Amino acid sequence: AGRIPARLSTFRRDIWPSRAAAAANFRKQKYYQLWDPRVLELWIAHGIRPAPTALYPDEFDGAVTLSTTKHQEVRSFLRPMFSRKKGEYGEAQREAYPDIDPSLSPEVMPFYRPEVPATFDRLGHLRPSVLYIFGEASDMSTPALAAAKVARTGAATGGSGGAAAGRVQGLTIKGRGPLVPMEVVDECATAISEWTGKELQGWARQK
């Protein structure tokens with residue numbers, strides 16, 4: 001799932017002649033037009049910074065670039081493992097990729113992120129209650145993936161009891177992609193406050 005956002009980040013524009021030019025560029029893109037206007041204004045205020053920077057040392061006269069470089073953005077989705085060959089996981093591989101699943105084939109995709117499978121493996125033991133908010137049109141939270149998260153969370157020994165005990169719920173917001181909180185702030189806030197209110201009532205009963 002990391003391939004899709006990583007590709008988008010790789011080829012995104014990251015330098016503009018001025019803050020006004022950057023803001024105009026964001027506002028005309030359909031991607032950002034889906035965002036709540038309040039979120040977009042905060043993004044314009046904090047998502048870009050003045051040049052020169054290490055990546056753009058020769059840019060002056062009001063030029064701006066992304067506060068978080070697109071290179072760092074890509075690395076948050078995927079780490080490279082170009083030097084690993086199929087079937088290899090000896091001392092050198094362990095040193096280079098200490099947290100990789102050795103069964104992962106580098107020929108399928110020579111990139112990885114260890115946190116995703118590790119977190120999923122541990123979801124069953126999660127004790128706090130969880131409200132998942134999914135976007136119906138998200139490529140990273142397809143109905144099957146969303147259902148798997150809800151079913152697994154809290155359901156193992158030591159967990160909260162999971163969905164069967166009313167401690168885990170998945171809410172899918174129709175017509176929205178992966179950036180649900182940026183797009184429908186009020187709807188997310190309402191769902192969170194209702195969930196939190198229910199949890200507070202449960203704590204009060206336990207007292």
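These are my notebook entries on a core, a helix pair and one buried residue in a predicted model.

**Entry: the core**

I started with the nonpolar cores. The largest one has 12 residues in all: W16, A22, A23, F26, Y32, W35, V39, L40, I44, I48, V64 and L66. Next I checked which elements give two or more residues to this core, and I got α2 (19-28), α4 (37-46) and β3 (64-66). There is another core apart from this one, with seven residues, and L123, V130, Y132 and A146 are among them.

**Entry: I48**

I picked one core member, I48, and looked up its contacts, skipping neighbours within four places in sequence. I48 is in contact with W16, R19, A22, F26, W43, V64, T65, L66 and S67. Several of those names were already in my core list, including W16, A22 and F26.

**Entry: α2 against α4**

Two packed helices are described by the angle between their axes and the distance between the axes, so I looked up both. For α2 and α4, the axes come within 10 Å and cross at roughly 145°. I also noted the hand of this crossing, which is right-handed.

Which residues make the contact? From α2 I wrote down R19, A23, F26 and R27, and from α4 I wrote down L40, E41, W43, I44 and A45. Sorting the residues of this contact gave me six nonpolar, three charged and no polar.

**Entry: the two sides of α4**

Which residues of α4 are buried? I found V39, L40 and I44. These buried residues cover an arc of only 140° around the axis, which means they sit on the same side of α4. Then I turned to the other side of α4, where L42 and H46 are exposed.

I wanted to know what covers the buried residues of α4. My list includes α2, α3 (30-33), β2 (48-50), α9 (180-183) and α10 (185-206). So α2 turns up again: I had it down for the contact with α4, and α2 is also part of the cover over the buried residues there.

**Entry: N25**

Last, I went back to helix α2 for N25. Is N25 buried or exposed? Its relative accessible area is 11%, and buried means under 20%, so N25 counts as buried.

Then I checked what N25 touches, not counting residues up to four places away in sequence, and found R13 and W16. N25 and R13 are 12 residues apart in sequence, and their C-alpha to C-alpha separation in space is 9.7 Å. The other partner, W16, is one of the residues in the largest nonpolar core.

Methods:
Residues are numbered from 1 along each chain as its sequence is written. This is a predicted model: local features need pLDDT of at least 70, side-chain atom pairs count only at pLDDT 80 or more; totals for chains, interfaces and linings use all residues. Side-chain values use heavy atoms; hydrogens and water are left out. A nonpolar core is a set of buried Ala, Val, Leu, Ile, Met, Phe, Trp, Tyr and Cys residues joined through side-chain atoms within 4.5 Å. Buried means under 20% relative accessible area, exposed over 50%, partly exposed in between (1.4 Å probe, protein chains only). Helices (H or I, at least four residues) and strands (E, at least two) are DSSP runs, numbered from the N terminus. Contact means heavy atoms within 4.5 Å. Axes are lines fitted to C-alpha atoms, for helices over the stretch in contact, and angles run from 0 to 180 degrees between N-to-C directions. A crossing is left-handed if the near helix is turned anticlockwise from the far one by less than a right angle, and right-handed if clockwise. Ala, Val, Leu, Ile, Met, Phe, Trp, Tyr, Cys and Pro count as nonpolar, Asp, Glu, Lys and Arg as charged, and the others, Gly among them, as polar. The arc is that of the directions from the helix axis to the C-beta atoms.
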